[in-house]
Amino acid sequence: EIHIKEPIEKEVNPRLLPGELLLCEASTVYKYIQEDGSNRGTYGKLVCTNFKIAFLDDDSASDDNEPQFKNKIVGENDITLQCVDQIYGVYDEKKKLLTGQLRKYPEKLIIYCKDLRVFHFCLRYTKEEEVKRIVSGIVHHSQTPKLLKRLFLFSYASAAPNNTDGRNQTVMFDTLEDWRDELERTKGNVKYKAVTTNEGYRVSEKLPLYFVVPICVSEESILKYEGRGIPIWCWSCHNGAALLKMSAFPKEQDDITSQTQKAFLDGIYKTISKPPYELLKMDDLSSSLPSLQDIQIAYTRFKQLFLIDNSTDFWATDVKWFSLLESTNWLEIIRRVLKKAIEVAECLERQHTNVLLIEESATDLCCVISSLVQVMMDSYSRTKSGFQSLIQKEWVIGGHGFLDRCNHLHKSDKEEAPVFLLLLNCVWQLVQQYPPAFEFTETYLTVLSDSLYVPIFSTFFFNSQHQKDTNMSGESLKTQSAPFRFLTVWDWSVQFDPKAQAFLNNPLYAEKPKLDKSQRKTARFKHQRQLSLPLTQTKSSTKRGFFREETDHLIKNILGKRIGKFINSSDEPPNSFREFYDSWHSKPVDYHGLLLPRIDGPEIKVWAQRYLRWIPEAQLHGGGTIATAAKILDLMEEVQSLQVKMDEEHSQAVSGDVHSVPMLRNSARLSSLFPFALLQRQSIKPALPTSTWKDLEDEDDLVKRDDEFVDLSGDM
């Protein structure tokens, strides 16, 4: 049985952004609503522009069905060209991957997206010429290698009005002052300095214009090997210990070169490591963490679990969910990365040791670990502006190759690896374990991951600051045209209106209390982890260890280990990590102090919102975290309206803006797919294993009975 919406009579034209051009289109295309297993769907027009692939039906013409969480740039039936993962054609019920030139054109088109949406289009009722144009157009514009200047980013920047300033409170780290302010904020300016050695990119095109190095490092040292072998500062702990990163020398070198480089490194290390006062631990991430290739393989397997064609596929995989999930190795990689971040935090926090992260380019796993450590140890990085500034510092200015790792230009599959997604997955683990510690929500992380594929922002579309700077001029260097003004992703008003932006902010964030001057002096050097203190105030030693309530025995124990380390220069015993981990988890959590993720066994979870949001079978009707959030937002709205009434009664003007809260009436109607998918899309199969379903398929009373319960604990 085929349920068909009649073809649209009125002409529906795509809404084009500035600089967006319509390249090809096909009418009378039938889009399946593939999720419910039937052939239900709707007729419409399929178009391809230099920005996106879009399906337009009669619903696209009306604004009556506006979702509450609407993206102003990318609609529900829009796929940006960078978001297309793979395209399959169906020939006589057989799927075939479409790439390059096509000899025969398919009767169905299946588009798999990087945000895990799946679109099914039937082309049987479309004119043959239009089928040829649209299929070859979509394949060509989304799958073939392209030049950087052909990205829609440049078309949009040259055509769009420059009326937005997306800086907000986010520190961009593109000026010397930004780095000096960060040194001041973290009290790192005693031992470290911001340098201008790379102005004009005379040291290296891979390094940013400005960065921070130890005070003792000379300009000659930085210039000698194009910045390689130089410890670059990331962050300073409250006790003075610092987190540093360094790009390693190539391993395959002749003996004379290797010896020269080794002597150079020994000299550099001596500037940081001055036992017993200053200790240094080096960590080569290329040997202690999975390779980028392993990460890519694991994620490719993992995402296949969520690219579901229909209900039958979903229930077939549901029976083997846990074994399939484990075989991908993705959650194990997340666990290993979090464990490494805890190890680094232990060195900084408890051992007062500088940590130097080493990697070939220092722009991949170094970015992941340094960012995670700062999120765990610095409560500022858990605010929205602080987290955005962190991404700017460590990733955008730090030189992570977004263009190559996301394969935006389709130049080389070998360079592709979901490194930034790995960070967001790790941060999500912390967000769901300690919600009040974060000013932003999991929805914020989800839309941030989606923004990787929206080429109107420059944030995730360059490999380095140098590449961005050299491409900011107009058509050619000879012409004196004005430079491009790119948007930054941190201006959320470009994508969402204020009501939708409210979903990005955590209403239950435990905001840090502001101390008065008398309190500030005594608390300055203490660790921020607040525990229940005795009534009599005692002056704390600046050399105090990790917890304020440590017993003398524990202090002696730690000191004994540190003195032993000075004498023997041996590593900490293997149970040191476990002791630190268990000791922290045995204490009450301070949401403004150190946060350590729980990493044992089932504590590492699947980021359900991002990966299951397009699968109706996986929804919890009237449940999930969004139902809780909806109730809280309703309550906040009520409190705000009461506050306004009280102020009116007392004739007092409200100072400052009142945060807008979305109207979420009837929150019981919401499902866990909200706010990304439509409300309450029903699944046609009950939550029974496939084998059981097949056995019972002939029994009419079971088939006709409504689903009384849905048990999706296996999938969530």
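**Helix packing, cores and a buried histidine**

In this predicted model, α11 and α15 pack against each other through Trp330, Ile333, Ile334, Val337 and Leu338 on the α11 side and Leu422, Asn425, Cys426 and Gln429 on the α15 side. Sorted by class, the contact comes out as 7 nonpolar and 2 polar residues, with no charged ones. The two helix axes come within 10 Å and cross at roughly 75°. Since angles of 65 to 115 degrees count as roughly perpendicular, that is how α11 sits relative to α15.

Turning to the cores, the largest nonpolar one takes in 163 residues, and the members touching the most others are Phe387 and Ile456. Helix α11, spanning residues 330-349, supplies the largest share of this core, with 12 residues. As for Phe387, its contacts beyond four places in sequence are Val375, Tyr380, Ser381, Leu424, Val427, Phe440, Tyr444, Leu445 and Leu448. There is also a second core, separate from this one, made up of 35 residues, with Leu176, Leu183, Tyr201 and Tyr210 among them.

Just ahead of α15 comes a loop worth a look. His410 lies in this stretch, between α14 (402-405) and α15 (419-433). Its relative accessibility is 16%, and because the cut-off for buried is under 20%, His410 counts as buried. Leaving aside residues up to four places away in sequence, His410 touches Ser142, Gln143, Thr144 and Pro145. With Ser142 there is a polar approach too: a polar atom of the His410 side chain lies 2.8 Å from the Ser142 backbone oxygen.

Notes
Residues numbered from 1 in each chain as written. Predicted model: local features only at pLDDT ≥ 70, side-chain atom pairs only at ≥ 80, totals over all residues. Heavy atoms only, no water. Helix = DSSP H or I, 4+ residues; strand = E, 2+ residues; numbered from the N terminus. Buried < 20%, exposed > 50% of the residue type's maximum accessible area, 1.4 Å probe, protein only. Polar contact = N/O pair within 3.5 Å; in protein donor to acceptor, adjacent residues only side chain to side chain. Contact = heavy atoms within 4.5 Å. Core = buried A, V, L, I, M, F, W, Y, C linked by side-chain atoms within 4.5 Å. Axes fitted to C-alpha atoms, helices over the stretch in contact; angles between N-to-C directions. Parallel < 35°, antiparallel > 145°, perpendicular 65-115°, else oblique. Nonpolar A, V, L, I, M, F, W, Y, C, P; charged D, E, K, R; others polar.
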